[in-house]
Amino acid sequence: MYKIEFLPLDKFIEIHKEYILMGDQKEETCGLYALTYILRGLGYRSHNGIDIDEDYLSYLARTRISPEEENLRKEVFTKILYGEMGPEEAIRRYWKIVRKYELPTTINPAELGTSAEGVKYALETVTNGELAGVPIPSRRGNEVYFTEDKFLNLINLLVENINTWKYQAILNWQTGKLVNIVARFHDIFLVLFSKDPLMAIGLNPWRVGHFVSLAGFVKVYQNNENRTYFLIRDSYKNAGYMGYHVQPINRVREALVRDDGREGGILLIVRKEIAKEVENAIKDIGLTVGLWNNGTPF
């Protein structure tokens, strides 16, 4: 006999409505894509008269793109300027690289994307400090903070405070550690009810570093046992079921710890006035508060 309980994060419906209005992310902007629909769902729609969107947040976060992509962007805007292409056609054909702002470039593939510091900076800038980012690193170099015990303590802390802290969370992880999220393989119920989801569905074939948001937790009760799962909103709508997928605790922990030479972590988004309380609670369970290095400079 099974019982399922869904524990959504605060403003789940409002954030979901903003999420389904967006297409897939642009290149290298997964963290800011997640931040866009979260902020809109929380009521933050403009900053100093500028719309809060993926482009503006990427500009603030100093997201790094390839020189080839920037050159193509300039070519597209030149065609628009000389009337060779209309703005609507440009957006339709080149939506992944047509941006409102010029972004820094790098020739080093390892530096592409957005840093954790950049996501935190963009968050706190556009909310004028009303919201704060509390970063929880999974590791520093060879020292792993998210051990099995401490990670379980962190989950318990987050579940216990889901209604009092009213937080949001953005995770920065290595996708190759997850249960397969490819839509035709990822069956949410198979993940929840299988004794070994990894054996049933397999590892995710996509291996890169990535940002996603936490939508909530799913608890499954069976007899005297219960298991907790993460419900994830991805930045690609062909992941899982319309962008949502479920991941077991051990998969999430390994994805956050990573083994690709980079660091991962969780950025909690909370009201500024409770940020210190949240930080202290995290430290009390033996974890560290601070930014992690995912390979991309700020």
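**Entry 1, overall form.** I counted 11 helices and 11 strands in the protein; helices (H or I, at least four residues) and strands (E, at least two) are DSSP runs, numbered from the N terminus. I then took the radius of gyration, which is 19 Å, close to the 19 Å that the globule rule gives for 298 residues, so the protein is as compact as a globular protein of that length. The radius is taken over C-alpha atoms, and the rule is 2.2 Å times the number of residues to the power 0.38. Along the principal axes, the C-alpha atoms fill a box of roughly 70 × 45 × 40 Å.

**Entry 2, basis.** I note that this is a predicted model, in which local features need pLDDT of at least 70 and side-chain atom pairs count only at pLDDT 80 or more, while totals for chains, interfaces and linings use all residues. Residues are numbered from 1 along each chain as its sequence is written, and side-chain values use heavy atoms, with hydrogens and water left out.

**Entry 3, burial and contacts.** I find that 52% of the 298 residues count as buried (under 20% relative accessible area; exposed is over 50%, partly exposed in between; 1.4 Å probe, protein chains only). Among contacts (heavy atoms within 4.5 Å) between residues at least 6 apart in sequence, 76% join residues at least 24 apart.

**Entry 4, cores.** I looked up the largest nonpolar core, a set of buried Ala, Val, Leu, Ile, Met, Phe, Trp, Tyr and Cys residues joined through side-chain atoms within 4.5 Å. Of its 40 residues, Leu35, Tyr37, Leu39, Leu57 and Ile170 touch the most other members. Helix H2 (residues 30-41) gives the largest share, 8 residues. Another core, of 38 residues, lies apart from it and includes Ile136, Tyr167, Leu171 and Ala275. Not counting residues up to four places away in sequence, Ile170 touches residues including Leu35, Ile38, Val119, Phe211 and Ile266.

**Entry 5, Gly240.** I located Gly240 in the loop between strand S9 (225-233) and strand S10 (244-248). Gly240 counts as buried, at 8% relative accessibility. Beyond its neighbours within four places in sequence, Gly240 contacts Ile181, Ala183, His186 and His245. From C-alpha to C-alpha, Gly240 and Ile38 are 20 Å apart, with their positions 202 residues apart in sequence.

**Entry 6, positive phi.** I checked two residues other than glycine: phi is near 60 degrees in Lys11 and near 70 degrees in Glu28. Lys11 lies in the loop between strand S1 (2-8) and helix H1 (12-21), and Glu28 in the loop between H1 and H2. Lys11 is partly exposed at 37% relative accessibility, as is Glu28 at 24%.
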